[in-house]
Amino acid sequence: MRVFANLAEMQALAGQEVAVSDWIEVDQERIDRFAEATGDHQWIHVDAGRAARESPYGATVAHGFLTLALLPAMLQASMRMADVSMGLNYGLNKVRFPAPLTAGGRVRGRFSILSVTPLEGGGAQVEWGVSMEAVEGGKPVCVAEFLMRRYP
């Protein structure tokens, strides 16, 4: 796990990859629970038989938003900011899902600091560049610019 002592250390690393998360398995049970929570029961996600017959991927695939929802867990598991008492997810600038994540696949996040912008009161907004890759390789399953606000 990468530990950042302070904001100045993060600012000095802008433009660089700073952390890689552990692998997270996305099995069919997780996909089904996400479908239940969101009401998105499209067959490509939840009907393994039909997906095997009709999908170009030969299996069910994780929802793009499920993949994206793993981003905070990946961030928290791969780094810690020692001088932060509160961090908030502020939003996303760009999100794309260039490749599918098939059920049973494993995914991890690669994090780069794109920019660090000071905020009033001593906080800062960190813009993360994230590329989520599957074990199988190839194109990333998600690429995003993720905004986080951190406060001392």
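On a 1 Å grid over the protein atoms alone, a pocket is an open set of points where a 1.4 Å probe fits, with protein on both sides within 12 Å along at least five of seven lines, and its lining residues have an atom within 4 Å of a point. The structure is a predicted model, in which local features need pLDDT of at least 70, side-chain atom pairs count only at pLDDT 80 or more, and totals for linings use all residues. Residues are numbered from 1 along each chain as its sequence is written, and side-chain values use heavy atoms, without hydrogens and water.

The two pockets are listed below, with volume as the space filled by probe spheres set on grid points joined across faces, edges and corners.

| Pocket | Volume | Nearest the centre |
|---|---|---|
| Largest | about 230 Å³ | Leu75, Gln76, Met81, Gly87, Met148 |
| Second largest | about 160 Å³ | Val61, Ala62, Phe97, Ala99, Pro100 |

The second largest pocket is lined by 14 residues. Helix H3 (43-46) and helix H5 (64-69) each give two or more residues to this lining; helices (H or I, at least four residues) and strands (E, at least two) are DSSP runs numbered from the N terminus. Its lining has ten nonpolar, four polar and no charged residues.

For the largest pocket, with 13 lining residues, strand S5 (86-96) is among the elements supplying at least two, and S5 gives the most, four.

Ala144 is in strand S8 (residues 142-151), and S8 also supplies at least two residues of the largest pocket's lining. Ala144 counts as buried (under 20% relative accessible area, 1.4 Å probe, protein chains only) because its relative accessibility is 7%.

Definitions and conventions:
Buried means under 20% relative accessible area, exposed over 50%, partly exposed in between (1.4 Å probe, protein chains only). Ala, Val, Leu, Ile, Met, Phe, Trp, Tyr, Cys and Pro count as nonpolar, Asp, Glu, Lys and Arg as charged, and the others, Gly among them, as polar.
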